[in-house]
Amino acid sequence: MSFLAARLARARISASAAAAQRTRELRAAGHDIIGLSQGEPDFDTPEHVIEAAYKAMRAGQTRYTPVDGTPELKQAILAKFRSENGLDFKAENITAGAGGKQVLYNALMASLDPGDEVLIPAPSWVAYAYMTEFADGVPVWVATRAENGFKLSPEELEAAVTPRAKWLMLNSPSNPTGAVYSADELRALAVVLKRHPQIWIIADDIYEHIVFDGRPFATLVQVAPQLAERTLIVNGVSKTYAMTGWRLGFGAGPATLIRAMARIQAQSSLNPSSISQAAAVAALNGPQDFVSVRRAEFEARRNAILPSLGAFYIYVGCEGWLGRRTPQGQRLANDEDVTAYLLESGVAVPNGAGYGLSPYFRLSFATSMAALTEACKRIDAAGRALD
Ligand SMILES: Cc1ncc(COP(=O)(O)O)c(C=O)c1O
């Protein structure tokens, strides 16, 4: 009998985490690798947020808090939804956890029974599928098309609905493709969702503020208020305020679900860090001008490499490389081979199989312009060196 639990087999490691690990190993061995795997801004947390955390510690905010967030944090989150999204929630609709990831985890753990299905547009952030499996659910990948900007169409959604589908994952702007759904596109999906009242929706808005070309951001409940009774919005301070390490995410949804999620969180971490909560209050209530300054910097980097739409990712097709030989004589059979070859060429990126759609790789431009330019040169040279 093994000491470790059978469930460990369902705790899988993502392609981007694997790529990051391999990068560390190769760098330690003296190789010059540009890492384009990371899903986090390379900016620092703003000074006023750090100051607020320091003050909170000094003022004794170093103790347990209510499980899913302090009243001050919930007020700040309510104000954010009101001013930025035109949505009026009550405190009972709000939850906070250690990152958007814990909020997602709580939701799936609180709602999935064995065999329940989660519809996941492919490609998507792989954690949706992994967490679904970990929570005893079944991920159902729903293919999207490059011609449609990797966005789920109403027809694709309708065809994917199954009797056991409990959730639909909607992530805009998207990791890994950068696709952004317009209000009209969300409205069209809402028409389908209204026909299937058993399906709840997770609107993962974590990249809300990383939208380019003056595009307005829209979230499902804004365009289809009737869906509020079965939608959980997931968001957080990680990407908008460059606070990935603080671990503070939040959600807004029906009170019954929110209460159930707090019960799940109470089984593990209890409240998110009291200090991170105070910092998040400062981030949400404080000046917002630097958010657009940073967005502009991301946009400039994006413009330097490719026209994509949002988030800091580009999903690059590599079909043209398949079947060809590297200078070392290896035939590239799939996107895993391609990313291994790119790594040898000095660029670390995760492959598309991990996101549910091959043959692609994901390129993150949350890195300096100089590193990005050099990485593009290396990718280009690697392509030219193929036979
Ligand atoms: C699509 C998506 N949703 C949610 C998250 C969670 O972010 P965090 O847990 O830092 O709030 C991430 C992080 O990479 C993400 O890519």
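## Largest pocket

In this predicted model, the lining of the largest pocket divides into 18 nonpolar, 10 polar and nine charged residues. The volume of this pocket is about 870 Å³. Its lining takes in 37 residues. Closest to the centre are Ser16, Lys101, Trp125, Ala127 and Lys239.

Three helices each supply at least two residues of this lining. They are H1, helix H4 (100-111) and helix H5 (127-134).

## Second largest pocket

The second largest pocket has about 300 Å³ of volume. It is lined by 18 residues, and Ala15, Ala18, Glu336, Thr339 and Asn351 sit closest to its centre. Two or more lining residues come from each of H1, helix H12 (335-344) and strand S10 (347-348).

By class, the lining of the second largest pocket holds 12 nonpolar, four polar and two charged residues. H1 therefore appears in both accounts: it supplies at least two residues to the lining of the largest pocket, and two or more to that of the second largest pocket.

## Surface patch before H1

Phe3 lies in the segment before helix H1 (15-28). Is Phe3 buried or exposed? Phe3 is exposed, because its relative accessible area is 80% and the cut-off for exposed is over 50%.

Phe3 joins Leu4 and Leu8 in a nonpolar patch on the surface. Together, Phe3, Leu4 and Leu8 have about 390 Å² of accessible area.

Key
Residues are numbered from 1 along each chain as its sequence is written. This is a predicted model: local features need pLDDT of at least 70, side-chain atom pairs count only at pLDDT 80 or more; totals for chains, interfaces and linings use all residues. Side-chain values use heavy atoms; hydrogens and water are left out. Patches are made of residues with over 30% relative accessible area and no salt bridge: like charges are joined within 9 Å, nonpolar side chains (Val, Leu, Ile, Met, Phe, Trp, Tyr) within 5 Å. Accessible areas come from the Shrake-Rupley method with a 1.4 Å probe; for residues, only the protein chains shown count as cover. A salt bridge is a side-chain nitrogen of Lys or Arg within 4 Å of a carboxyl oxygen of Asp or Glu. Helices (H or I, at least four residues) and strands (E, at least two) are DSSP runs, numbered from the N terminus. Buried means under 20% relative accessible area, exposed over 50%, partly exposed in between (1.4 Å probe, protein chains only). On a 1 Å grid over the protein atoms alone, a cavity is a set of points where a 1.4 Å probe fits but cannot get out, and a pocket is an open set with protein on both sides within 12 Å along at least five of seven lines; lining residues have an atom within 4 Å of a point. Grid points are joined across faces, edges and corners, and a volume is the space filled by probe spheres set on the points. Ala, Val, Leu, Ile, Met, Phe, Trp, Tyr, Cys and Pro count as nonpolar, Asp, Glu, Lys and Arg as charged, and the others, Gly among them, as polar.
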